[in-house]
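Hello,

Here is the structure I promised to pass on to you. Have a look at it first, and then read my notes below.

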Amino acid sequence: LGSPQLKPKRLRLLVDVSGSMYRFNGLDGRLERSMEAVCMVLEAFENYEHKFKYDIVGHSGDGFNIELVRSEKPPRNNKERLQVMKTMHAHSQFCMSGDHTLEGTEHAIQEIAREEADERFVIVLSDANLERYGISPARFTQVLTCNPQVNAFAIFIGSLGDQAERLQQTLPAGRSFVAMDTKQIPQILQQIFTSTMLSTA
């Protein structure tokens, strides 16, 4: 299906490490879910380094490009993966409040677009708390679709009430997913990669 892969696929995972992730964790486990999701991604890409070149950056009130995993140095074992989790947890506990979802997404898309790759992906892990910062779904859609060379998607992993579902309904079809259970993450990633493969085949 499709043409043979000559260059690795390029992926950037953008993770919400904002204060609200830590603050509301007791309510719906969103920070734990986010850390589990990152762990799932790290495990999913283990032994596929030749096919996927990936990195993970965080965004919070402190900034939109917080380095968590560098593409040339992915964690090789459980100890290194645990260190990534600890960094995420500590950051969300002590960072400034505020949101850089849009800036982080836009920056990730622009950076990935400049790289040589078979396909380019940006996946935004978010707690769907955009309304609180005055970010409209239309603006988020605009950013997600700002570069046709990059396949950008959002996975919502925390939600107050039906926030995530409502947000998903207003974004373009197939661009966003709601995962209230991290076991769904590998399946969602598979869906994302398959959908782009089919659309370019």
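**What I found**

Let me start at a loop: Asn47 sits between α3 and β2. Please keep in mind as you read that this is a predicted model. Asn47 has a phi near 70°, a positive value in a residue that is not glycine. Most residues other than glycine have a negative phi. Asn47 counts as exposed because its relative accessibility is 60%, and exposed means over 50%.

**The chain as a whole**

From that loop, let us step back to the overall fold. The chain has 8 helices and 6 strands. Following the sequence, you will meet them in the order β-α-α-α-β-β-α-α-β-α-β-α-β-α.

How does the radius of gyration of the chain compare with that of a compact globule? For 201 residues, a compact globule would have a value near 17 Å, and the chain has 16 Å, so the two agree. Along the principal axes, the C-alpha atoms fill a box of roughly 45 × 40 × 30 Å.

Of the 201 residues in the chain, 51% are buried. The accessible surface comes to about 9,800 Å², and carbon and sulfur atoms account for 50% of that surface. If you take the contacts between residues at least 6 apart in sequence, 74% of them join residues at least 24 apart. As for charge, the chain has 22 positive and 25 negative charges, and their mean positions are 3 Å apart.

**The nonpolar cores**

Which residues have the most contacts inside the largest nonpolar core? They are Val15, Val38, Ile56, Leu125, Ile155, Ile185 and Ile192, in a core of 34 residues. Two or more residues of this core come from each of β1 (9-16), α3 (30-45), β2 (52-60), β3 (63-69), α4 (78-94), β4 (120-126), β5 (151-156) and α8 (185-200). Helix α3 gives the largest share, 7 residues. There is also a second, separate core of 23 residues, which includes Leu102, Ile112, Ala113 and Val150.

Two residues of the largest core are good places to zoom in. Leaving out residues up to four places away in sequence, Ile56 touches Leu13, Val15, Val38, Leu42, Ile66, Glu67, Leu68 and Val69.

The other is Ile155, which is in strand β5. Ile155 counts as buried because its relative accessibility is 1%, where buried means under 20%. With residues up to four places away in sequence set aside, Ile155 touches Ile123, Val124, Leu125, Ser126, Phe177, Ala179, Ile185, Ile188 and Ile192. For a sense of distance, the C-alpha atoms of Ile155 and Asn77 are 25 Å apart, with their positions 78 residues apart in sequence.

**Some buried residues to visit**

His59 is in strand β2, and its relative accessible area of 0% makes it buried. Not counting residues up to four places away in sequence, its contacts include Asp16, Phe64, Asp99, His100 and Leu125. His59 and Thr105 are 46 residues apart along the chain, while their C-alpha atoms are separated by 9.1 Å.

Another histidine, His91, is in helix α4. With a relative accessible area of 17%, His91 is buried as well. Beyond the residues up to four places away in sequence, His91 touches Val17, Ser60, Asp62 and Ile66.

Is Arg33, in helix α3, buried or exposed? Arg33 is buried, at a relative accessible area of 9%. Measuring C-alpha to C-alpha in the model, Arg33 and Asp127 are 9.9 Å apart in space, although 94 residues apart in sequence.

The last stop is Ser176, in strand β6 (residues 176-178). Ser176 is buried, with a relative accessible area of 5%. Setting aside neighbours within four places in sequence, Ser176 is in contact with Ala154, Phe156, Gln168 and Leu171.

I hope these notes help you find your way around.

Best wishes

Terms used
Residues numbered from 1 in each chain as written. Predicted model: local features only at pLDDT ≥ 70, side-chain atom pairs only at ≥ 80, totals over all residues. Heavy atoms only, no water. Helix = DSSP H or I, 4+ residues; strand = E, 2+ residues; numbered from the N terminus. Rg over C-alpha atoms; globule rule 2.2 N^0.38 Å. Buried < 20%, exposed > 50% of the residue type's maximum accessible area, 1.4 Å probe, protein only. Contact = heavy atoms within 4.5 Å. Areas by Shrake-Rupley, 256 points an atom, 1.4 Å probe, with all protein chains shown as cover. Lys, Arg positive; Asp, Glu negative; His and termini not counted. Charge placed at Lys NZ, Arg CZ, Asp CG, Glu CD. Core = buried A, V, L, I, M, F, W, Y, C linked by side-chain atoms within 4.5 Å.
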